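Could you walk me through this structure, taking the ligand site before the helix packing and the odd spots in the backbone? Running paragraphs are fine.

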Amino acid sequence: MSEPIRHPRNPSWWKRSAEPAAYVPLAGRTSADVIVVGGGIVGLTTGLLLKEAGMRVTLLEANRVGEGTTGYSSAKLTSLHRLSYASIEDRSGREAARVYAEANEWALARIAGFAEELGIDCQFQRRAALTFTRDADRTHEIDAEVEAGRRAGLAVEKVVDSDLPFPIAAGIRLDRQASFHPLRYCLGLAKALDGAGCHVHEGSQVEEVEGEDERVLVRTRDGAECEAPHVVLACGIPFLDRGGFFARVHPSRSYCVAMSGADVPPESMSINIGEPTLSIRPIPRAEGEPLLLVTGADHKTGQAEDHEEPWELLETFAQQEFGAREVVARWSSQDYMSVDGLPLIGRMRPSSQSIHVATGFGKWGLTLGTAAARILADGLTGATNPWAETFDAGRSQLSGGLGEAIGEGMNDAKRFVGDRIRQLSGPEPEELAPGAGAICRHEGDAVAAYRDEEGRLHLLSPTCTHLGCRVVWNSAETSWDCPCHGSRFSVSGEVLNGPAVTPLESL
Ligand SMILES: Cc1cc2nc3c(=O)[nH]c(=O)nc-3n(C[C@H](O)[C@H](O)[C@H](O)COP(=O)(O)OP(=O)(O)OC[C@H]3O[C@@H](n4cnc5c(N)ncnc54)[C@H](O)[C@@H]3O)c2cc1C
Ligand code: FES
(Lines give C-alpha, C1' and ligand atoms only; values in the text may rest on other atoms or scores of the structure.)
(Ligands and ions follow the chains in the order given, each with its own letter.)
Protein backbone atom coordinates (compact mmCIF):
# COMPACT_ATOMS: atom_id res chain seq x y z
CA MET A 1 0.00 0.00 0.00
CA SER A 2 1.22 3.53 -0.78
CA GLU A 3 2.21 5.95 1.99
CA PRO A 4 -1.20 7.40 2.88
CA ILE A 5 -0.41 10.43 5.01
CA ARG A 6 1.50 13.44 3.72
CA HIS A 7 3.28 15.65 6.22
CA PRO A 8 3.02 19.36 5.46
CA ARG A 9 6.15 21.43 5.04
CA ASN A 10 4.63 24.40 6.86
CA PRO A 11 2.19 23.08 9.48
CA SER A 12 -0.47 25.59 10.52
CA TRP A 13 -0.78 26.75 14.14
CA TRP A 14 -3.95 24.65 14.27
CA LYS A 15 -2.04 21.55 13.21
CA ARG A 16 0.65 22.27 15.81
CA SER A 17 -1.87 22.65 18.60
CA ALA A 18 -4.21 19.68 18.04
CA GLU A 19 -3.90 16.01 18.96
CA PRO A 20 -4.34 14.07 15.71
CA ALA A 21 -6.74 11.15 15.57
CA ALA A 22 -6.01 8.17 13.35
CA TYR A 23 -8.58 6.49 11.15
CA VAL A 24 -7.68 3.45 9.06
CA PRO A 25 -7.79 3.61 5.24
CA LEU A 26 -10.74 2.06 3.41
CA ALA A 27 -10.06 -1.59 2.55
CA GLY A 28 -11.82 -4.23 0.47
CA ARG A 29 -15.31 -3.54 -0.88
CA THR A 30 -18.02 -1.93 1.26
CA SER A 31 -21.32 -0.12 0.81
CA ALA A 32 -23.06 2.88 2.36
CA ASP A 33 -26.13 5.08 1.92
CA VAL A 34 -23.92 8.07 1.15
CA ILE A 35 -20.19 8.30 0.46
CA VAL A 36 -18.61 11.63 1.38
CA VAL A 37 -15.28 12.40 -0.28
CA GLY A 38 -13.25 14.91 1.75
CA GLY A 39 -12.86 15.34 5.49
CA GLY A 40 -12.89 19.12 5.76
CA ILE A 41 -15.65 21.14 7.40
CA VAL A 42 -18.01 20.52 4.48
CA GLY A 43 -17.59 16.74 4.34
CA LEU A 44 -17.62 16.20 8.09
CA THR A 45 -20.65 18.41 8.69
CA THR A 46 -22.54 16.80 5.81
CA GLY A 47 -21.67 13.36 7.17
CA LEU A 48 -22.86 14.22 10.66
CA LEU A 49 -26.13 15.79 9.51
CA LEU A 50 -26.81 12.67 7.41
CA LYS A 51 -25.95 10.39 10.33
CA GLU A 52 -28.41 12.31 12.49
CA ALA A 53 -31.01 11.67 9.77
CA GLY A 54 -30.38 7.92 10.10
CA MET A 55 -28.13 7.35 7.08
CA ARG A 56 -25.07 5.11 6.89
CA VAL A 57 -22.22 7.37 5.82
CA THR A 58 -18.70 6.44 4.72
CA LEU A 59 -16.32 9.42 4.66
CA LEU A 60 -13.11 9.07 2.66
CA GLU A 61 -10.30 11.52 3.31
CA ALA A 62 -7.15 11.47 1.15
CA ASN A 63 -4.88 12.66 3.92
CA ARG A 64 -5.98 13.51 7.50
CA VAL A 65 -9.36 14.92 8.51
CA GLY A 66 -9.38 18.67 8.95
CA GLU A 67 -5.92 19.19 7.51
CA GLY A 68 -7.02 20.53 4.13
CA THR A 69 -7.97 24.17 3.74
CA THR A 70 -10.15 24.08 6.86
CA GLY A 71 -7.21 23.39 9.19
CA TYR A 72 -5.09 25.93 7.30
CA SER A 73 -7.60 28.79 7.42
CA SER A 74 -7.74 31.81 9.72
CA ALA A 75 -10.80 30.35 11.43
CA LYS A 76 -13.10 33.35 11.65
CA LEU A 77 -16.78 32.50 11.85
CA THR A 78 -18.73 35.43 10.56
CA SER A 79 -21.46 36.60 8.21
CA LEU A 80 -19.46 39.77 7.47
CA HIS A 81 -17.32 38.84 4.49
CA ARG A 82 -15.20 41.86 3.67
CA LEU A 83 -17.30 43.67 1.02
CA SER A 84 -19.78 41.14 -0.29
CA TYR A 85 -23.41 42.13 0.21
CA ALA A 86 -23.39 45.14 -2.12
CA SER A 87 -21.78 43.12 -4.91
CA ILE A 88 -24.09 40.12 -4.41
CA GLU A 89 -27.06 42.50 -4.65
CA ASP A 90 -25.65 43.95 -7.86
CA ARG A 91 -24.95 40.60 -9.46
CA SER A 92 -27.67 38.34 -8.12
CA GLY A 93 -30.28 40.57 -6.49
CA ARG A 94 -31.43 41.45 -2.97
CA GLU A 95 -32.98 38.08 -2.27
CA ALA A 96 -29.64 36.36 -2.94
CA ALA A 97 -27.93 38.72 -0.47
CA ARG A 98 -30.60 37.98 2.12
CA VAL A 99 -30.19 34.23 1.62
CA TYR A 100 -26.41 34.59 1.88
CA ALA A 101 -26.76 36.38 5.23
CA GLU A 102 -29.33 33.92 6.57
CA ALA A 103 -27.27 30.86 5.59
CA ASN A 104 -24.15 32.25 7.27
CA GLU A 105 -26.02 33.21 10.45
CA TRP A 106 -27.54 29.73 10.60
CA ALA A 107 -24.10 28.18 10.13
CA LEU A 108 -22.54 30.23 12.91
CA ALA A 109 -25.26 29.10 15.28
CA ARG A 110 -24.94 25.47 14.08
CA ILE A 111 -21.17 25.46 14.72
CA ALA A 112 -21.72 26.93 18.19
CA GLY A 113 -24.36 24.22 18.73
CA PHE A 114 -22.15 21.32 17.62
CA ALA A 115 -19.24 22.62 19.69
CA GLU A 116 -21.44 22.66 22.78
CA GLU A 117 -23.53 19.51 22.19
CA LEU A 118 -20.50 17.40 21.29
CA GLY A 119 -18.28 18.99 23.96
CA ILE A 120 -15.61 19.93 21.43
CA ASP A 121 -12.75 21.86 23.05
CA CYS A 122 -12.29 24.16 20.04
CA GLN A 123 -11.82 27.58 21.66
CA PHE A 124 -15.14 28.85 20.32
CA GLN A 125 -15.26 32.50 21.38
CA ARG A 126 -17.68 35.25 20.47
CA ARG A 127 -16.03 38.32 18.92
CA ALA A 128 -16.98 41.32 16.84
CA ALA A 129 -16.08 41.24 13.14
CA LEU A 130 -14.88 44.38 11.41
CA THR A 131 -14.29 45.34 7.77
CA PHE A 132 -12.23 48.53 7.60
CA THR A 133 -10.54 51.01 5.33
CA ARG A 134 -7.72 53.39 6.17
CA ASP A 135 -8.37 55.29 2.96
CA ALA A 136 -10.75 58.28 3.27
CA ASP A 137 -11.51 57.98 -0.46
CA ARG A 138 -13.04 54.54 0.00
CA THR A 139 -15.51 55.20 2.80
CA HIS A 140 -18.38 55.25 0.29
CA GLU A 141 -17.76 51.50 -0.22
CA ILE A 142 -18.18 50.99 3.51
CA ASP A 143 -21.43 53.01 3.44
CA ALA A 144 -22.79 50.95 0.54
CA GLU A 145 -21.90 47.69 2.30
CA VAL A 146 -23.51 48.79 5.57
CA GLU A 147 -26.74 49.55 3.71
CA ALA A 148 -26.65 46.29 1.72
CA GLY A 149 -25.82 44.31 4.87
CA ARG A 150 -28.81 45.83 6.70
CA ARG A 151 -31.11 45.10 3.77
CA ALA A 152 -29.84 41.50 3.94
CA GLY A 153 -30.92 41.34 7.58
CA LEU A 154 -27.61 41.79 9.41
CA ALA A 155 -27.24 44.10 12.42
CA VAL A 156 -24.20 45.82 10.93
CA GLU A 157 -23.17 49.32 11.98
CA LYS A 158 -20.79 51.88 10.60
CA VAL A 159 -17.88 52.76 12.91
CA VAL A 160 -14.95 55.15 12.75
CA ASP A 161 -13.05 53.67 15.72
CA SER A 162 -11.79 50.18 16.39
CA ASP A 163 -9.48 48.25 18.70
CA LEU A 164 -6.80 48.20 16.01
CA PRO A 165 -3.60 50.08 16.95
CA PHE A 166 -3.90 52.43 13.94
CA PRO A 167 -6.63 54.89 12.87
CA ILE A 168 -9.24 53.77 10.39
CA ALA A 169 -11.21 56.00 8.03
CA ALA A 170 -14.37 53.90 8.41
CA GLY A 171 -15.49 50.38 9.18
CA ILE A 172 -18.44 47.99 9.32
CA ARG A 173 -18.92 46.19 12.60
CA LEU A 174 -20.98 43.08 13.26
CA ASP A 175 -21.16 41.87 16.87
CA ARG A 176 -21.53 38.31 18.20
CA GLN A 177 -19.49 36.63 15.51
CA ALA A 178 -16.88 34.06 16.59
CA SER A 179 -13.43 32.55 16.27
CA PHE A 180 -12.50 28.92 16.89
CA HIS A 181 -9.84 26.23 16.43
CA PRO A 182 -10.86 24.67 13.11
CA LEU A 183 -8.85 21.48 13.36
CA ARG A 184 -10.03 20.58 16.86
CA TYR A 185 -13.57 21.28 15.68
CA CYS A 186 -13.13 18.93 12.69
CA LEU A 187 -11.61 16.24 14.90
CA GLY A 188 -14.65 16.57 17.17
CA LEU A 189 -17.02 16.17 14.23
CA ALA A 190 -15.06 13.15 12.94
CA LYS A 191 -15.27 11.48 16.35
CA ALA A 192 -19.03 12.01 16.43
CA LEU A 193 -19.43 10.74 12.87
CA ASP A 194 -17.40 7.53 13.19
CA GLY A 195 -19.31 4.56 14.59
CA ALA A 196 -22.88 3.19 14.68
CA GLY A 197 -22.86 2.22 10.98
CA CYS A 198 -20.84 5.25 9.84
CA HIS A 199 -17.14 5.18 9.02
CA VAL A 200 -14.33 7.72 8.71
CA HIS A 201 -11.29 6.62 6.69
CA GLU A 202 -8.07 8.59 6.32
CA GLY A 203 -5.32 7.95 3.79
CA SER A 204 -8.07 7.09 1.30
CA GLN A 205 -7.65 9.16 -1.83
CA VAL A 206 -10.53 8.64 -4.21
CA GLU A 207 -9.36 8.32 -7.79
CA GLU A 208 -12.45 7.11 -9.61
CA VAL A 209 -16.21 7.47 -9.38
CA GLU A 210 -18.12 5.15 -11.69
CA GLY A 211 -21.80 5.81 -12.44
CA GLU A 212 -23.79 8.99 -12.08
CA ASP A 213 -27.48 8.08 -12.19
CA GLU A 214 -28.60 5.46 -9.70
CA ARG A 215 -25.57 4.08 -7.91
CA VAL A 216 -21.95 5.05 -7.77
CA LEU A 217 -18.85 2.95 -7.21
CA VAL A 218 -15.99 4.87 -5.67
CA ARG A 219 -12.46 3.50 -5.92
CA THR A 220 -9.47 4.69 -3.90
CA ARG A 221 -5.87 4.90 -5.00
CA ASP A 222 -5.19 1.62 -3.19
CA GLY A 223 -7.99 -0.17 -5.05
CA ALA A 224 -10.50 -0.29 -2.17
CA GLU A 225 -14.10 0.26 -3.23
CA CYS A 226 -17.32 1.56 -1.75
CA GLU A 227 -20.73 1.52 -3.41
CA ALA A 228 -23.69 3.78 -2.62
CA PRO A 229 -26.70 5.49 -4.18
CA HIS A 230 -25.03 8.88 -3.61
CA VAL A 231 -21.61 10.44 -3.36
CA VAL A 232 -20.84 13.95 -2.10
CA LEU A 233 -17.63 15.50 -3.42
CA ALA A 234 -16.58 17.77 -0.55
CA CYS A 235 -12.98 17.93 -1.65
CA GLY A 236 -12.40 21.55 -2.65
CA ILE A 237 -12.69 21.61 -6.41
CA PRO A 238 -14.44 18.46 -7.70
CA PHE A 239 -11.75 16.26 -9.18
CA LEU A 240 -14.09 14.58 -11.67
CA ASP A 241 -13.77 15.98 -15.14
CA ARG A 242 -17.52 16.52 -15.38
CA GLY A 243 -19.41 19.75 -14.86
CA GLY A 244 -16.46 21.94 -15.90
CA PHE A 245 -15.86 23.30 -12.38
CA PHE A 246 -12.26 24.11 -13.20
CA ALA A 247 -13.58 26.79 -15.56
CA ARG A 248 -16.23 28.09 -13.14
CA VAL A 249 -14.09 28.66 -10.04
CA HIS A 250 -10.48 29.70 -9.77
CA PRO A 251 -8.07 28.77 -6.97
CA SER A 252 -6.51 31.51 -4.90
CA ARG A 253 -3.76 31.03 -2.33
CA SER A 254 -3.48 33.04 0.88
CA TYR A 255 -0.71 33.21 3.43
CA CYS A 256 -0.88 33.19 7.24
CA VAL A 257 1.61 34.22 9.94
CA ALA A 258 0.98 33.64 13.65
CA MET A 259 3.24 35.85 15.75
CA SER A 260 3.94 36.38 19.43
CA GLY A 261 4.94 39.56 21.25
CA ALA A 262 2.32 41.94 19.86
CA ASP A 263 1.84 45.00 22.10
CA VAL A 264 -1.94 45.06 21.91
CA PRO A 265 -3.47 42.00 20.24
CA PRO A 266 -6.97 43.15 19.22
CA GLU A 267 -10.06 41.42 20.59
CA SER A 268 -11.95 41.82 17.31
CA MET A 269 -11.46 39.99 14.01
CA SER A 270 -10.84 42.47 11.22
CA ILE A 271 -10.13 42.63 7.50
CA ASN A 272 -9.23 45.54 5.23
CA ILE A 273 -10.78 46.37 1.86
CA GLY A 274 -7.54 47.36 0.15
CA GLU A 275 -4.77 45.45 -1.54
CA PRO A 276 -3.04 43.39 -0.35
CA THR A 277 -5.69 41.69 1.76
CA LEU A 278 -4.86 41.89 5.48
CA SER A 279 -7.05 39.82 7.78
CA ILE A 280 -6.33 40.02 11.53
CA ARG A 281 -7.43 38.06 14.58
CA PRO A 282 -6.06 36.97 17.95
CA ILE A 283 -5.42 33.29 18.73
CA PRO A 284 -5.92 32.42 22.40
CA ARG A 285 -3.38 30.06 23.93
CA ALA A 286 -3.72 27.80 26.94
CA GLU A 287 -0.63 29.44 28.38
CA GLY A 288 0.81 32.84 27.63
CA GLU A 289 -0.44 35.83 25.72
CA PRO A 290 -2.62 35.41 22.62
CA LEU A 291 -0.87 35.16 19.28
CA LEU A 292 -1.59 37.62 16.51
CA LEU A 293 -2.69 35.97 13.26
CA VAL A 294 -2.38 37.95 10.03
CA THR A 295 -3.64 36.38 6.80
CA GLY A 296 -3.79 37.59 3.23
CA ALA A 297 -1.48 38.60 0.37
CA ASP A 298 -3.45 36.36 -2.00
CA HIS A 299 -2.56 35.36 -5.52
CA LYS A 300 -3.91 32.93 -8.08
CA THR A 301 -2.34 29.53 -7.56
CA GLY A 302 0.83 29.12 -9.60
CA GLN A 303 0.95 32.82 -10.46
CA ALA A 304 3.28 34.38 -7.88
CA GLU A 305 6.60 35.94 -8.79
CA ASP A 306 7.95 34.93 -5.40
CA HIS A 307 6.24 32.50 -3.02
CA GLU A 308 8.09 33.66 0.11
CA GLU A 309 7.35 37.36 -0.33
CA PRO A 310 3.70 37.22 0.91
CA TRP A 311 4.86 35.90 4.29
CA GLU A 312 7.47 38.67 4.53
CA LEU A 313 4.83 41.28 3.74
CA LEU A 314 2.46 39.99 6.45
CA GLU A 315 5.28 39.70 8.96
CA THR A 316 6.42 43.28 8.33
CA PHE A 317 2.84 44.54 8.75
CA ALA A 318 2.50 42.67 12.07
CA GLN A 319 5.83 44.02 13.31
CA GLN A 320 5.25 47.62 12.27
CA GLU A 321 1.62 47.98 13.29
CA PHE A 322 1.35 45.64 16.29
CA GLY A 323 4.93 45.36 17.53
CA ALA A 324 4.75 41.58 16.97
CA ARG A 325 8.17 40.03 17.39
CA GLU A 326 8.48 36.33 16.67
CA VAL A 327 6.91 34.11 13.99
CA VAL A 328 5.49 31.06 15.77
CA ALA A 329 3.95 29.45 12.68
CA ARG A 330 3.45 30.33 9.05
CA TRP A 331 1.53 28.50 6.40
CA SER A 332 -0.41 28.91 3.17
CA SER A 333 -3.46 27.34 1.65
CA GLN A 334 -5.94 27.73 -1.19
CA ASP A 335 -9.65 28.10 -1.68
CA TYR A 336 -11.89 28.44 -4.73
CA MET A 337 -13.47 31.68 -5.94
CA SER A 338 -16.64 31.65 -8.03
CA VAL A 339 -17.45 34.15 -10.73
CA ASP A 340 -20.52 35.59 -9.00
CA GLY A 341 -19.25 35.40 -5.40
CA LEU A 342 -21.74 32.68 -4.41
CA PRO A 343 -20.76 29.08 -3.69
CA LEU A 344 -21.72 26.21 -6.03
CA ILE A 345 -23.68 23.55 -4.15
CA GLY A 346 -25.85 20.64 -5.27
CA ARG A 347 -25.90 18.16 -8.15
CA MET A 348 -22.64 18.04 -10.05
CA ARG A 349 -24.60 18.70 -13.24
CA PRO A 350 -28.35 18.92 -13.69
CA SER A 351 -28.52 15.35 -15.03
CA SER A 352 -26.46 13.83 -12.17
CA GLN A 353 -28.78 12.00 -9.79
CA SER A 354 -26.01 10.56 -7.66
CA ILE A 355 -23.08 12.99 -7.57
CA HIS A 356 -23.27 16.10 -5.42
CA VAL A 357 -20.69 18.86 -4.96
CA ALA A 358 -19.87 21.93 -2.89
CA THR A 359 -17.16 24.42 -3.86
CA GLY A 360 -16.48 28.10 -4.57
CA PHE A 361 -16.59 29.38 -0.99
CA GLY A 362 -14.42 32.40 -1.77
CA LYS A 363 -12.37 32.02 1.46
CA TRP A 364 -15.48 32.13 3.65
CA GLY A 365 -16.25 28.42 3.65
CA LEU A 366 -16.29 27.77 7.38
CA THR A 367 -19.77 29.23 7.66
CA LEU A 368 -20.71 28.88 3.97
CA GLY A 369 -19.39 25.29 3.99
CA THR A 370 -21.49 24.47 7.05
CA ALA A 371 -24.52 25.90 5.27
CA ALA A 372 -23.53 23.83 2.21
CA ALA A 373 -23.62 20.72 4.38
CA ARG A 374 -27.19 21.48 5.35
CA ILE A 375 -28.20 22.04 1.71
CA LEU A 376 -26.58 18.75 0.68
CA ALA A 377 -28.04 16.82 3.61
CA ASP A 378 -31.52 18.25 2.96
CA GLY A 379 -31.22 17.32 -0.72
CA LEU A 380 -30.28 13.75 0.17
CA THR A 381 -33.00 13.30 2.78
CA GLY A 382 -35.73 14.84 0.63
CA ALA A 383 -36.19 17.96 2.78
CA THR A 384 -36.82 21.34 1.17
CA ASN A 385 -33.96 23.75 1.67
CA PRO A 386 -34.56 27.51 1.53
CA TRP A 387 -31.08 28.35 0.20
CA ALA A 388 -30.57 25.55 -2.33
CA GLU A 389 -31.79 27.45 -5.37
CA THR A 390 -29.63 30.52 -4.75
CA PHE A 391 -26.47 28.45 -4.44
CA ASP A 392 -27.42 25.76 -6.96
CA ALA A 393 -24.26 24.43 -8.63
CA GLY A 394 -26.09 24.37 -11.97
CA ARG A 395 -27.02 28.06 -11.95
CA SER A 396 -24.00 29.26 -13.84
CA GLN A 397 -23.66 26.47 -16.36
CA LEU A 398 -21.60 28.23 -18.99
CA SER A 399 -23.93 27.36 -21.81
CA GLY A 400 -21.79 27.30 -24.89
CA GLY A 401 -19.11 29.31 -23.13
CA LEU A 402 -17.27 26.57 -21.33
CA GLY A 403 -14.60 26.23 -23.99
CA GLU A 404 -14.11 29.97 -23.94
CA ALA A 405 -13.74 29.99 -20.16
CA ILE A 406 -11.21 27.17 -20.24
CA GLY A 407 -9.29 29.00 -22.93
CA GLU A 408 -9.36 32.21 -20.95
CA GLY A 409 -7.94 30.53 -17.82
CA MET A 410 -5.23 28.95 -19.88
CA ASN A 411 -4.36 32.11 -21.77
CA ASP A 412 -4.12 34.02 -18.53
CA ALA A 413 -1.73 31.43 -17.15
CA LYS A 414 0.20 31.13 -20.38
CA ARG A 415 0.82 34.87 -20.33
CA PHE A 416 2.23 34.41 -16.83
CA VAL A 417 4.56 31.55 -17.68
CA GLY A 418 5.24 32.53 -21.31
CA ASP A 419 8.16 34.80 -20.60
CA ARG A 420 9.71 32.33 -18.25
CA ILE A 421 9.49 29.55 -20.81
CA ARG A 422 10.97 31.74 -23.53
CA GLN A 423 13.78 32.85 -21.28
CA LEU A 424 14.55 29.29 -20.27
CA SER A 425 18.18 28.57 -20.82
CA GLY A 426 18.81 26.41 -17.78
CA PRO A 427 19.79 25.67 -15.14
CA GLU A 428 20.81 22.10 -15.66
CA PRO A 429 19.36 19.82 -12.95
CA GLU A 430 22.90 19.11 -11.75
CA GLU A 431 23.29 22.78 -10.81
CA LEU A 432 20.41 22.74 -8.30
CA ALA A 433 21.36 23.19 -4.66
CA PRO A 434 19.77 20.91 -2.00
CA GLY A 435 16.17 22.04 -1.39
CA ALA A 436 15.91 23.87 -4.73
CA GLY A 437 13.54 23.18 -7.60
CA ALA A 438 13.26 24.64 -11.10
CA ILE A 439 12.13 23.90 -14.62
CA CYS A 440 15.42 22.78 -16.16
CA ARG A 441 16.74 21.70 -19.53
CA HIS A 442 17.62 18.04 -19.56
CA GLU A 443 18.72 16.20 -22.68
CA GLY A 444 17.00 18.81 -24.85
CA ASP A 445 13.66 18.73 -22.98
CA ALA A 446 12.17 20.74 -20.15
CA VAL A 447 11.95 18.84 -16.84
CA ALA A 448 10.58 19.75 -13.42
CA ALA A 449 13.67 19.11 -11.28
CA TYR A 450 14.02 19.14 -7.50
CA ARG A 451 17.06 18.25 -5.41
CA ASP A 452 16.10 17.06 -1.94
CA GLU A 453 17.99 17.87 1.25
CA GLU A 454 19.89 14.56 0.96
CA GLY A 455 21.10 15.58 -2.51
CA ARG A 456 18.90 13.23 -4.58
CA LEU A 457 17.45 14.61 -7.82
CA HIS A 458 13.75 14.11 -8.56
CA LEU A 459 12.88 14.61 -12.24
CA LEU A 460 9.27 14.90 -13.36
CA SER A 461 7.46 15.89 -16.51
CA PRO A 462 6.54 19.60 -16.18
CA THR A 463 3.26 19.01 -18.03
CA CYS A 464 0.21 19.24 -15.79
CA THR A 465 -1.86 16.08 -16.14
CA HIS A 466 -5.11 18.07 -16.15
CA LEU A 467 -5.03 19.97 -19.45
CA GLY A 468 -1.35 20.18 -20.24
CA CYS A 469 -0.15 23.56 -18.91
CA ARG A 470 3.38 23.82 -17.58
CA VAL A 471 3.75 23.69 -13.79
CA VAL A 472 5.84 26.22 -11.85
CA TRP A 473 8.00 25.75 -8.75
CA ASN A 474 6.55 26.84 -5.39
CA SER A 475 9.58 27.25 -3.13
CA ALA A 476 7.45 28.07 -0.08
CA GLU A 477 5.53 24.79 -0.14
CA THR A 478 8.07 22.68 -2.10
CA SER A 479 5.47 21.79 -4.69
CA TRP A 480 4.77 22.07 -8.39
CA ASP A 481 1.76 24.34 -8.97
CA CYS A 482 -0.20 24.73 -12.18
CA PRO A 483 -1.05 28.32 -13.14
CA CYS A 484 -4.01 27.30 -15.32
CA HIS A 485 -6.58 25.80 -12.91
CA GLY A 486 -4.57 25.41 -9.72
CA SER A 487 -3.66 21.72 -9.55
CA ARG A 488 -0.70 21.13 -7.26
CA PHE A 489 1.76 18.23 -7.13
CA SER A 490 4.34 17.04 -4.60
CA VAL A 491 8.02 16.72 -5.50
CA SER A 492 7.39 13.06 -6.19
CA GLY A 493 4.52 14.00 -8.51
CA GLU A 494 1.49 13.07 -6.36
CA VAL A 495 -1.61 15.21 -6.70
CA LEU A 496 -1.93 17.64 -3.75
CA ASN A 497 -4.85 19.65 -5.14
CA GLY A 498 -7.14 18.94 -8.09
CA PRO A 499 -8.65 19.24 -10.62
CA ALA A 500 -5.81 16.95 -11.81
CA VAL A 501 -6.21 13.33 -10.68
CA THR A 502 -3.13 11.79 -12.26
CA PRO A 503 0.37 12.31 -10.81
CA LEU A 504 3.06 14.11 -12.81
CA GLU A 505 5.02 11.58 -14.84
CA SER A 506 8.31 10.52 -13.27
CA LEU A 507 11.29 10.73 -15.66
C1 LIG B 1 -5.70 31.04 4.14
C2 LIG B 1 -7.18 30.86 4.22
C3 LIG B 1 -7.89 31.43 5.28
C4 LIG B 1 -9.27 31.24 5.38
N5 LIG B 1 -9.92 31.78 6.44
C6 LIG B 1 -11.26 31.61 6.54
C7 LIG B 1 -11.97 32.18 7.62
O8 LIG B 1 -11.39 32.86 8.48
N9 LIG B 1 -13.32 31.99 7.69
C10 LIG B 1 -13.98 31.28 6.73
O11 LIG B 1 -15.20 31.13 6.83
N12 LIG B 1 -13.31 30.69 5.71
C13 LIG B 1 -11.98 30.84 5.60
N14 LIG B 1 -11.31 30.29 4.55
C15 LIG B 1 -12.04 29.42 3.63
C16 LIG B 1 -12.31 28.07 4.25
O17 LIG B 1 -11.18 27.64 4.96
C18 LIG B 1 -12.68 27.06 3.16
O19 LIG B 1 -13.67 27.61 2.32
C20 LIG B 1 -13.20 25.78 3.78
O21 LIG B 1 -12.28 25.30 4.73
C22 LIG B 1 -13.46 24.74 2.70
O23 LIG B 1 -13.81 23.54 3.35
P24 LIG B 1 -13.82 22.18 2.55
O25 LIG B 1 -14.31 21.14 3.47
O26 LIG B 1 -14.54 22.40 1.25
O27 LIG B 1 -12.32 21.95 2.10
P28 LIG B 1 -11.08 21.27 2.85
O29 LIG B 1 -10.97 21.67 4.25
O30 LIG B 1 -9.90 21.52 1.96
O31 LIG B 1 -11.45 19.75 2.83
C32 LIG B 1 -11.41 19.01 1.63
C33 LIG B 1 -10.74 17.69 1.95
O34 LIG B 1 -10.87 16.85 0.80
C35 LIG B 1 -9.72 16.04 0.75
N36 LIG B 1 -9.62 15.52 -0.61
C37 LIG B 1 -9.31 16.20 -1.74
N38 LIG B 1 -9.32 15.37 -2.80
C39 LIG B 1 -9.66 14.15 -2.32
C40 LIG B 1 -9.83 12.88 -2.92
N41 LIG B 1 -9.65 12.70 -4.24
N42 LIG B 1 -10.16 11.82 -2.13
C43 LIG B 1 -10.35 11.98 -0.79
N44 LIG B 1 -10.19 13.18 -0.17
C45 LIG B 1 -9.85 14.24 -0.93
C46 LIG B 1 -8.60 16.97 1.14
O47 LIG B 1 -7.46 16.26 1.61
C48 LIG B 1 -9.25 17.82 2.22
O49 LIG B 1 -8.99 17.35 3.53
C50 LIG B 1 -9.95 30.48 4.40
C51 LIG B 1 -9.25 29.94 3.33
C52 LIG B 1 -7.88 30.14 3.21
C53 LIG B 1 -7.15 29.56 2.04
S1 FES C 1 -4.85 22.52 -13.58
FE2 FES C 1 -5.74 22.61 -15.54
S3 FES C 1 -4.03 22.43 -16.84
FE4 FES C 1 -3.15 22.31 -14.88
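Start at G365, where a backbone N or O atom lies 3.1 Å from an oxygen atom of ligand 1. Keep in mind as you look around that this is a predicted model. Two more polar approaches involve nitrogen atoms on the ligand's side. A backbone N or O atom of A62 sits 3.0 Å from a nitrogen atom of ligand 1, and an N or O atom in the side chain of S74 comes to 2.9 Å from a ligand nitrogen. How much of ligand 1 does the protein cover? On its own the ligand has 1000 Å² of accessible area, and the protein covers 93% of that.

Now widen the view to the whole shell. Ligand 1 has 35 residues around it, and the closest of them are E61, T69, T70, K76 and D335. Sorted by class, the shell holds 15 nonpolar, 16 polar and 4 charged residues. Which helices and strands each supply at least two residues of this shell? They are α2 (41–52), β13 (249–260), β17 (326–338) and α8.

Helix α8 is a handy bridge to the next stop, since α8 (residues 365–381) also packs against another helix, α4 (residues 94–117). Their axes come within 8 Å and cross at roughly 90°, which makes α4 roughly perpendicular to α8. From α4, the contact takes in Y100, A103, N104, W106, A107, L108, R110 and I111, while α8 brings L366, T367, L368, T370, A371 and R374. By class, that contact comes out as 9 nonpolar, 3 polar and 2 charged residues.

There's another crossing to look at, between helix α3 (residues 85–92) and helix α5 (residues 139–151). Here the axes are 7 Å apart and the angle is about 70°, so α3 is roughly perpendicular to α5. The α3 side of the contact is Y85, A86 and E89, and the α5 side is A144, E145, A148, G149 and R151. Its residues split into 4 nonpolar, 1 polar and 3 charged.

Next, go to R242, in the loop between β12 (230–233) and β13. You've met β13 already, as one of the elements that supply residues to the ligand shell. What does the side chain of R242 reach at 2.8 Å? Follow it and you arrive at the backbone oxygen of V209. The R242 side chain also makes a polar contact of 3.1 Å with the side chain of E212. Setting aside neighbours within four places in sequence, the residues in contact with R242 are V209, G211, E212, M348, R349 and I355.

Finish with a few backbone spots that deserve a second look. The peptide bond from E275 to P276 is cis, with omega near -5°. P276 belongs to the loop between β14 (269–272) and β15 (278–283). G498 and P499 are likewise joined by a cis peptide bond, this one with omega at about 15°, and P499 falls in the segment after β26 (495–497). Then there's A297, where phi is near 50°, a positive value in a residue other than glycine. And where is A297? Look in strand β16 (residues 291–300).

How values were computed: Residues are numbered from 1 along each chain as its sequence is written. Chains are lettered from A and ligands numbered from 1 in the order in which they are written. This is a predicted model: local features need pLDDT of at least 70, side-chain atom pairs count only at pLDDT 80 or more; totals for chains, interfaces and linings use all residues. Side-chain values use heavy atoms; hydrogens and water are left out. Axes are lines fitted to C-alpha atoms, for helices over the stretch in contact, and angles run from 0 to 180 degrees between N-to-C directions. Helices (H or I, at least four residues) and strands (E, at least two) are DSSP runs, numbered from the N terminus. Angles under 35 degrees count as roughly parallel, over 145 as roughly antiparallel, 65 to 115 as roughly perpendicular and the rest as oblique. Contact means heavy atoms within 4.5 Å. Ala, Val, Leu, Ile, Met, Phe, Trp, Tyr, Cys and Pro count as nonpolar, Asp, Glu, Lys and Arg as charged, and the others, Gly among them, as polar. A residue is near a molecule or strand if one of its heavy atoms lies within 4 Å of it. A polar contact is a pair of N or O atoms within 3.5 Å; within protein, one must be able to donate a hydrogen and the other to accept it, and residues adjacent in sequence count only if both atoms are side-chain atoms. Accessible areas come from the Shrake-Rupley method with a 1.4 Å probe; for residues, only the protein chains shown count as cover.
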